[in-house]
Amino acid sequence: MRSGGRRTTPTAREPESAQAAYTEAVKRLARQPQSRAALRQRLLRLGYADAAVDAALDRAQGDGYLNDQEYAAALVRRRSRGRGHALIAQELRAKGVEESTAGPALAAVDPDTEAEEALALGKSLLAHRRLVDAQALTAYLGPRLSRRGFSSGLVYRVCRLLSDEWEAAGRFDSVAERD
């Protein structure tokens with residue numbers, strides 16, 4: 001055992017065995033769904049041979065344990081709360097999901113729902129803020145929404161809408177005029 005209580009990563013006992021790689025793959029997929037590319041990397045790091053890994057992944061896919069389309073769709077559903085299209089697409093790429101597989105899953109994100117998420121996030125970020133004017137609101141909120149993967153057009157619309165709401169409600173702190 002290493003410090004921190006985590007077990008060290010086991011190495012493949014039968015590196016050439018497609019059956020052993022398959023067993024390891026199914027065991028890992030039972031714990032957590034993964035993309036084919038990510039699982040392939042993990043099995044190779046454990047020491048399984050390329051041919052054994054490819055055969056094991058083909059079998060796991062044929063048996064229905066491994067499905068990148070379902071994985072991508074599930075990840076998009078989980079991540080779409082509070083995150084924008086671009087950040088989810090970046091995560092799918094990082095997990096090795098091909099663009100042809102990620103595209104249909106990302107297309108399932110409703111633009112109106114994404115706009116509602118961005119607006120709700122913007123309101124929550126501003127809930128306890130004191131800002132001087134619309135420019136300060138945009139300077140504070142814009143980068144935070146952009147980092148969450150929302151498009152620049154959507155960020156602009158949300159900042160504009162919230163600035164108008166704050167202006168109408170008189171929520172901006174006015175700087176006291178001095179003589």
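Is alanine 49 buried or exposed? Let's work that one out first, then move on through the rest of the model.

A word on ground rules: this is a predicted model, so local features need pLDDT of at least 70 and side-chain atom pairs count only at pLDDT 80 or more, while totals for chains, interfaces and linings use all residues. Residues are numbered from 1 along each chain as its sequence is written, and side-chain values use heavy atoms, with hydrogens and water left out.

**Exercise 1. Place alanine 49 and settle its burial.**

Step 1: find alanine 49 in the loop between α2 and α3. Helices here are DSSP runs of H or I with at least four residues, strands are runs of E with at least two, and both are numbered from the N terminus.
Step 2: check the area. Alanine 49 has a relative accessible area of 17% and is therefore buried; the cut-offs are under 20% for buried, over 50% for exposed and partly exposed in between, with a 1.4 Å probe and protein chains only.
Step 3: look for partners. Setting aside neighbours within four places in sequence, alanine 49 is in contact with Pro15, Glu16 and Leu44, where contact means heavy atoms within 4.5 Å.
Step 4: compare sequence and space. Alanine 49 and proline 15 are 34 residues apart in sequence, yet their C-alphas are 5.6 Å apart.

**Exercise 2. Do the same for serine 17.**

Step 1: serine 17 is in the segment before α1.
Step 2: its relative accessibility is 17%, so serine 17 counts as buried.
Step 3: beyond residues up to four places away in sequence, serine 17 touches Tyr48 and Ala52.
Step 4: from serine 17 to valine 53 there are 36 residues in sequence and 8.6 Å in space, C-alpha to C-alpha.

**Exercise 3. Describe the nonpolar cores.**

Step 1: get the rule straight. A nonpolar core is a set of buried Ala, Val, Leu, Ile, Met, Phe, Trp, Tyr and Cys residues joined through side-chain atoms within 4.5 Å. In soluble globular proteins, nonpolar side chains tend to be buried together.
Step 2: the largest core has 17 residues, and Leu39, Leu43, Tyr48, Leu57 and Leu66 have the most contacts inside it.
Step 3: trace where this core comes from. At least two residues each are supplied by α1 (18-31), α2 (36-46) and α3 (50-62), and α1 gives the most, with 6 residues.
Step 4: there's also a second, separate core of 16 residues, with Leu126, Leu137, Leu141 and Val158 among them.

**Exercise 4. Which residues does glycine 122 contact, leaving aside its neighbours within four places in sequence?**

Step 1: glycine 122 is part of helix α7.
Step 2: its relative accessible area is 0%, so glycine 122 is buried.
Step 3: the contacts are Leu141, Leu145 and Leu162.
Step 4: take leucine 141, which is 19 residues from glycine 122 in sequence and 6.7 Å from it in space, C-alpha to C-alpha.

**Exercise 5. Compare glutamate 117 and valine 97.**

Step 1: glutamate 117 lies in helix α7, whereas valine 97 is in the loop between α5 (85-94) and α6.
Step 2: glutamate 117 counts as buried at 16% relative accessibility, and valine 97 is buried at 5% relative accessible area.
Step 3: with neighbours within four places left aside, glutamate 117 contacts Ser80, Arg81, Gly82 and Phe150. On that basis valine 97 contacts Ser35, Tyr71, Ala72, Leu92 and Ala102.
Step 4: valine 97 and tyrosine 71 are 26 residues apart in sequence and 8.9 Å apart in space, C-alpha to C-alpha.

**Exercise 6. Sum up the whole protein.**

Step 1: count the elements: 9 helices and 0 strands.
Step 2: of the 179 residues, 35% count as buried.
Step 3: among contacts between residues at least 6 apart in sequence, 64% join residues at least 24 apart.
Step 4: the protein exposes about 11,500 Å², and carbon and sulfur atoms supply 48% of it; these areas come from the Shrake-Rupley method with a 1.4 Å probe, and for residues only the protein chains shown count as cover.
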